Amino acid sequence: MRIPVSRIEDVRRFLTRAREEPPRLEIPMFESPSPQAGFPSPAADAIEGALDLNELLIRNPPATFFLRAEGESMRDAGIATGDILIVDRSMEAVPGRIVIAAYDGDIFVKRLRRNGDDMVLASENSTPDAVYPDMPLAGHDVVFWGVVTSIIRRLTP
């Protein structure tokens with residue numbers, strides 16, 4: 001993989017941090033017999049245990065990074081502008097998975113699909129005026145950065 005000279009130190013810092021053990025932040029997890037619209041009462045003494053988001057969302061910490069999504073091409077896959085994608089570099093890019101790929105030098109988030117005998121990077125936006133053609137892998141410089149494993153979306157500013 002080629003890295004611009006101006007970004008070498010950033011990549012070194014990233015790789016050094018990736019080797020460190022992530023800190024544990026355990027947040028109470030409330031048990032609820034059925035989904036409710038209100039906040040469960042702490043007085044109900046229904047704390048199921050503690051939930052560590054690192055443990056829940058990150059399978060392989062040294063191979064994981066975050067990336068902020070931009071654009072609407074993956075809207076039907078539940079990915080919107082501003083979402084934070086959790087990406088695992090150790091997972092294999094296989095058809096059906098949402099991947100981060102460098103395609104002819106530009107970075108994209110797309111679903112890897114088989115189209116007959118060919119492989120393509122496909123958008124998922126069925127809005128009538130949205131035009132996102134499939135991006136064939138054959139004949140292009142494609143490097144897979146990783147597989148998207150989770151999406152984090154802030155609902156309030």
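**A walk through the sheet**

Ser150 is buried, at a relative accessible area of 16%. The cut-off for buried is under 20%, so Ser150 falls within that class. This is a predicted model. Ser150 lies in strand 9. Leaving aside residues up to four places away in sequence, Ser150 touches Leu57, Ile84, Leu85 and Ile86.

Now step back to the sheet. Seven strands form an open sheet in the order 3-4-9-5-6-7-8, and their pairing is antiparallel. Two strands sit at the edges: strand 3 (64–68) and strand 8 (135–136). Each of these pairs on one side only. In general, strands of a sheet pair through backbone hydrogen bonds, either parallel or antiparallel.

Follow the order from strand 9. Strand 9 covers residues 142–152 and pairs with strand 5, residues 98–103. The two are antiparallel, with five bridges. Here Ala101 stands opposite Phe144 in strand 9.

Further along come strand 6 (residues 106–115) and strand 7. They run antiparallel and are joined by five bridges. One of the partnerships sets Arg114 against Met119 in strand 7. The two strands form a hairpin, with two residues between them. In that turn, Gly116 has a positive phi of about 70 degrees.

How much of strand 7 is covered? Strand 7 spans residues 118–122, and four of its five residues are buried. On to strand 8: strands 7 and 8 pair in the antiparallel sense over two bridges. Leu121 has Met135 in strand 8 as its bridge partner.

Met135 deserves a stop. Is Met135 in strand 8 buried or exposed? Its relative accessibility is 12%, so Met135 counts as buried. Its contacts include Leu121, the bridge partner just named, along with Met119 and Val120. Met135 also touches Tyr103, Phe108 and Lys110. These contacts leave out residues up to four places away in sequence. Leu112 can be placed by distance: from Met135 it is 23 residues apart in sequence and 9.6 Å apart in space, C-alpha to C-alpha.

Next, the aromatic rings. The structure holds two aromatic pairs. In one of them, Phe65 and Trp145 have ring centres 6.5 Å apart and planes at 65 degrees, so the pair is edge-to-face. This pair links distant parts of the chain: Phe65 is in strand 3, Trp145 is in strand 9, and they are 80 residues apart. Phe65 is buried, with a relative accessible area of 9%. Trp145, at 29% relative accessibility, counts as partly exposed.

Tyr103 and Phe108 form an aromatic pair too. Their centres are 6.2 Å apart, and 85 degrees separate the planes, an edge-to-face arrangement. Tyr103 is buried at 8% relative accessibility. Phe108 is partly exposed at 26%. Both Tyr103 and Phe108 are touched by Met135.

Phe108 leads to the last stop, the second largest pocket. This pocket has a volume of about 220 Å³. Its lining holds 15 residues, and Ala69, Glu70, Ile107, Phe108 and Val109 lie nearest its centre. Which elements give two or more residues to the lining? They are strand 3 and strand 6. Strand 6 gives the most, with four residues. By class, the lining has nine nonpolar, two polar and four charged residues.

Key:
Residues numbered from 1 in each chain as written. Predicted model: local features only at pLDDT ≥ 70, side-chain atom pairs only at ≥ 80, totals over all residues. Heavy atoms only, no water. Pairing = 2+ DSSP bridges. Buried < 20%, exposed > 50% of the residue type's maximum accessible area, 1.4 Å probe, protein only. Contact = heavy atoms within 4.5 Å. 1 Å grid on protein atoms, 1.4 Å probe; cavity = no way out; pocket = protein on both sides within 12 Å on 5 of 7 lines; lining within 4 Å. Points joined across faces, edges and corners; volume = space filled by probe spheres on them. Nonpolar A, V, L, I, M, F, W, Y, C, P; charged D, E, K, R; others polar. Phe/Tyr/Trp six-rings, centres within 6.5 Å; stacked < 30°, edge-to-face > 60°.
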